[in-house]
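Colleague: I would like a close look at one part of this chain. Could you pick out the packed helices and walk me through them slowly?

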Amino acid sequence: MPDLTWPEKNSSDTTNITSSESHDTGFGSDIVGDAPSPTEDSKSISESIGQNEAESSAAEDDIVENKEEPEVDMDILGNGMLVKKIIIPGKGVTTRPKNGDSVTLMVDGVLEDGTHVDTGEITFILNDGDVIIALDLAVALMEMGERCELKTAPRYAYGDQGRDPDIPKEANIVYTLEILKIEPAVEPSLMAYDQRLKFGEAKRERGNYLYGRGDFSGAISSYGKATKLLDDPELNAGLDEASRALLADTWVKCYNNMAACQLKIDALDAAIRSCEKVIATQADNVKALFRLGKAYGAKGDVDLAISYLGKAIKLDPESKMLHQEMLKLSRRKTKETATEKELYQRMLGIKPGENSFEGKKKHANTSNMFTKWTLLGGTVAAVIASVGWTWYRTSWS
């Protein structure tokens, strides 16, 4: 798969439901009611038994009635923008998925005009940034086998960008959700090679999608998860050369793309570290050299930035982007050099535009004139002192 260079257009894949950030949820509570108090009046035993039976019967009726009634709306965030209502109850709170679990979900979304979107079966890692925020938050509160309705505001779905071509900007969506399967998280050390590669590629593609939407922090998170799993010397130690090369090809792209995102948010040191990871494996990687140049240029180290860009241009002399960046840095270097020269001239008393030899000559003449006046002043002072001393001796003799 190609590496990320510029923002990619987002896919129209209906199962690729997006999220800009991962959320750790812990909502939910157990409701405990007070048991009825025993009767304490002076009625007969039979009357007391009858009263207790009546109360028990009423309590049972309430329980049955509560089971039949749909659950009241759950305002998940307390702001009315994400509301969940159970249609079919699940198998209890102990069956709720945990963060990191793999969840298979049946989804059907409906826009305000009746258009169906995000329809189908999807599998994702809970609270790992794989889906829109609304689904991560709601599914954490669902039980195995549960079916619910979820109303979400644009803020927790596709926001002010929407998703071409099926979801407009600022779209409210009503989802019908049903959990089909929950599988516990798998430790990376227990994953087979092909599982790790598949997971890494999925995270890289997710990062590319988020980059295209301008969610650079979300993209960095996705790329980071991929590199953590793929760039692991211990896990890769037993693999053959071809398998390691395939993994390296993916994580090199992830580090490169991560650097592009880090430059976007001015995380310059992090971008440099990401690029150095690439260069350590592929010394002639043009994109990494280019981004190192941009990062060091932004940090003010123009000479080092020009050095990296020079290496990149030698490898790809036809790239207009590289030449434009080099021209920009060269002009900046020229300006900085001129500023330094002007500062040096001021220190020597040379006016801007004046020949340096003339300036030095003028400086020397000024110094000589100062020396002459200093000597003359010293001579006059000595004569005055001598005359004064003679007068003093004459006046006291």
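Modeller: What follows starts with the whole chain, moves to a run of packed helices, and ends with a single residue. Keep in mind that this is a predicted model.

The whole chain comes first. Its secondary structure comes to eleven helices and six strands. There are 397 residues, and 35% of them count as buried. Now take the contacts in the chain with a separation of 6 or more. Residues 24 or more positions apart account for 66% of these.

Now the close look. Two packed helices are described by the angle between their axes and the distance between the axes. Start with helix 7, residues 268-281, and helix 8, residues 286-299. They pack at an angle of about 155°, and their axes lie 9 Å apart. An angle over 145 degrees counts as roughly antiparallel. Helix 7 and helix 8 are therefore roughly antiparallel to each other. Their crossing is left-handed.

Which residues meet here? On the helix 7 side they include Leu-268, Ile-272, Cys-275, Val-278 and Ile-279. Asp-269 and Glu-276 of helix 7 take part too. Helix 8 brings, among others, Ala-288, Leu-289, Leu-292, Ala-295 and Tyr-296. Arg-291 and Lys-299 also belong to the helix 8 side. Sorted by type, the residues of this contact between helix 7 and helix 8 are eleven nonpolar, no polar and four charged.

Next, follow helix 8 to another partner. Helix 9 covers residues 302-315. The axes of helix 8 and helix 9 come within 8 Å and cross at roughly 160°. The cut-off of 145 degrees applies again. Helix 8 and helix 9 are therefore roughly antiparallel to each other. This crossing is left-handed.

From helix 8, the residues that meet helix 9 include Val-286, Phe-290, Gly-293 and Gly-297. Among those on helix 9 are Leu-304, Ala-305, Tyr-308, Leu-309 and Lys-311. The contact of helix 8 with helix 9 has eleven nonpolar residues, two polar and one charged.

Look back at helix 8 for a moment. Leu-289, Leu-292 and Tyr-296 are listed in the contact with helix 7. Leu-289, Leu-292 and Tyr-296 are also listed in the contact with helix 9.

Finally, one residue elsewhere. Glu-201 sits in helix 3, which spans residues 193-212. Is Glu-201 buried or exposed? Its relative accessible area is 17%. Buried means under 20%, so Glu-201 is buried. Its side chain also has a partner: a polar contact of 2.9 Å joins the side chains of Glu-201 and Thr-250.

Terms used:
Residues are numbered from 1 along each chain as its sequence is written. This is a predicted model: local features need pLDDT of at least 70, side-chain atom pairs count only at pLDDT 80 or more; totals for chains, interfaces and linings use all residues. Side-chain values use heavy atoms; hydrogens and water are left out. Helices (H or I, at least four residues) and strands (E, at least two) are DSSP runs, numbered from the N terminus. Buried means under 20% relative accessible area, exposed over 50%, partly exposed in between (1.4 Å probe, protein chains only). A polar contact is a pair of N or O atoms within 3.5 Å; within protein, one must be able to donate a hydrogen and the other to accept it, and residues adjacent in sequence count only if both atoms are side-chain atoms. Axes are lines fitted to C-alpha atoms, for helices over the stretch in contact, and angles run from 0 to 180 degrees between N-to-C directions. Angles under 35 degrees count as roughly parallel, over 145 as roughly antiparallel, 65 to 115 as roughly perpendicular and the rest as oblique. A crossing is left-handed if the near helix is turned anticlockwise from the far one by less than a right angle, and right-handed if clockwise. Contact means heavy atoms within 4.5 Å. Ala, Val, Leu, Ile, Met, Phe, Trp, Tyr, Cys and Pro count as nonpolar, Asp, Glu, Lys and Arg as charged, and the others, Gly among them, as polar.
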